[in-house]
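Biologist: I'm new to reading protein models, and I'd like a close look at one part of this one, with its surroundings explained as you go. Please give me every cut-off in plain words.

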Amino acid sequence: MLVILSAGIAPGLALLSYFYLKDQYELEPILLVFKAFLFGAFLTFPIMFIQHVLDIEQILQGNIFNAFINIALLEEFFKWFILFFVVYQHGDFSEPYDGIVYGASVSLGFATVENILYLIADGVGTAFGRALLPVSSHALFGVIMGYYLGKAKFSLDRKMKQALIYSFTIPLLLHGFYDYILLSKTKWIYYIIPFMLFLWWLGLKKVKQAHALSKKHHEMNTTENNQSAIDTIG
């Protein structure tokens with residue numbers, strides 16, 4: 001069991017550490033990041049229960065419905081809900097890149113518990129494949145969701161609404177396509193490899209864009225603080 005727990009937890013912690021340490025300005029409080037991770041972990045059980053009920057009752061069956069609604073819609077909605085209503089309003093969410101840290105935290109909390117449950121069922125021999133596919137894909141869905149939430153929080157009204165919509169719809173669509181490829185089964189390996197390469201490219205691009213937004217945010221704050229100091233002295 002210790003081997004399974006270690007194999008189940010390690011990929012999530014490694015990916016979370018990577019995105020956490022990419023913060024170029026002010027590292028987020030470990031306690032809040034851990035809380036976000038735990039929220040994602042606790043989400044696993046109600047989501048899997050709902051998915052089990054949908055499967056037993058034969059509701060919305062077929063690869064497309066399963067991929068985009070029973071899996072992607074349920075999982076991405078609950079993750080987005082936690083990020084928006086618990087983390088988005090928090091004072092420590094203080095720059096655009098923070099969205100990526102918290103998005104990855106919630107997603108990887110979910111992915112880690114899911115990973116452990118699957119390793120218990122299927123054996124530790126599947127650990128490497130699960131680390132490369134489900135765990136890393138959840139991390140990247142969270143990165144993209146967090147990028148748009150970070151952009152929304154520090155944007156004007158019109159762009160804020162657009163970014164909020166993107167924060168949910170883009171991860172939903174990407175997650176749906178990912179699961180549809182796996183559920184189709186026929187030569188899925190030929191499609192999932194280029195899809196994952198694209199997903200990593202997109203996720204790392206959003207990390208770079210979030211860094212640029214955070215840099216701009218800090219420069220504006222520095223200018224405003226300097227101006228305030230000048231006005232006070234004057």
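Modeller: Q58 has a relative accessibility of 54%, so it counts as exposed; the label means over 50% relative accessible area, while buried means under 20% and partly exposed is in between (1.4 Å probe, protein chains only). This is a predicted model, where local features need pLDDT of at least 70, side-chain atom pairs count only at pLDDT 80 or more, and totals for chains, interfaces and linings use all residues. Residues are numbered from 1 along each chain as its sequence is written, and side-chain values use heavy atoms, with hydrogens and water left out.

Now look at the backbone of Q58: its phi is near 55°, a positive value in a residue that is not glycine. Most residues other than glycine have a negative phi. Q58 belongs to the loop between α2 (30-56) and α3; helices are DSSP runs of H or I with at least four residues, strands are runs of E with at least two, and both are numbered from the N terminus. You can find a second positive phi, near 50°, at K187. K187 is in the loop between α6 (157-184) and α7 (188-233), and with a relative accessible area of 57% it is exposed.

From the loop at Q58, step back into α2, where you will find F39. At 35% relative accessibility, F39 is partly exposed. Apart from neighbours within four places in sequence, F39 is in contact (heavy atoms within 4.5 Å) with I82 and V86. Its C-alpha is also 9.3 Å from that of S107, although 68 residues separate the two in sequence.

On the other side of the loop, helix α3 (residues 63-87) holds both W80 and F84, which are four residues apart, about one turn of the helix. Each has a relative accessible area of 16%, so W80 is buried and F84 is buried. As for their rings, those of Phe, Tyr and Trp (its six-membered ring) pair if their centres lie within 6.5 Å; planes under 30 degrees apart are stacked, over 60 edge-to-face and the rest tilted. This rule gives 18 aromatic pairs. One of them is W80 with F84: the centres are 5.0 Å apart and the planes are at 5°, so the pair is stacked. Y88 and F93 make an edge-to-face pair, with 5.9 Å between centres and 80° between planes, and both residues are buried. Ring pairs join these four residues into a cluster with F77, F78, F81, F85, Y102, F154 and F168.

Y88 has another partner too: the charged end of K153 sits over its ring, 5.8 Å from the centre. That wording requires NZ of Lys or CZ of Arg to be within 6 Å of the ring centre and within 35 degrees of the ring normal.

Finally, here is a point to find in helix α1, the place of L21. L21 is exposed, with a relative accessible area of 60%. Its C-alpha and that of V101 are 9.0 Å apart, with their positions 80 residues apart along the chain.
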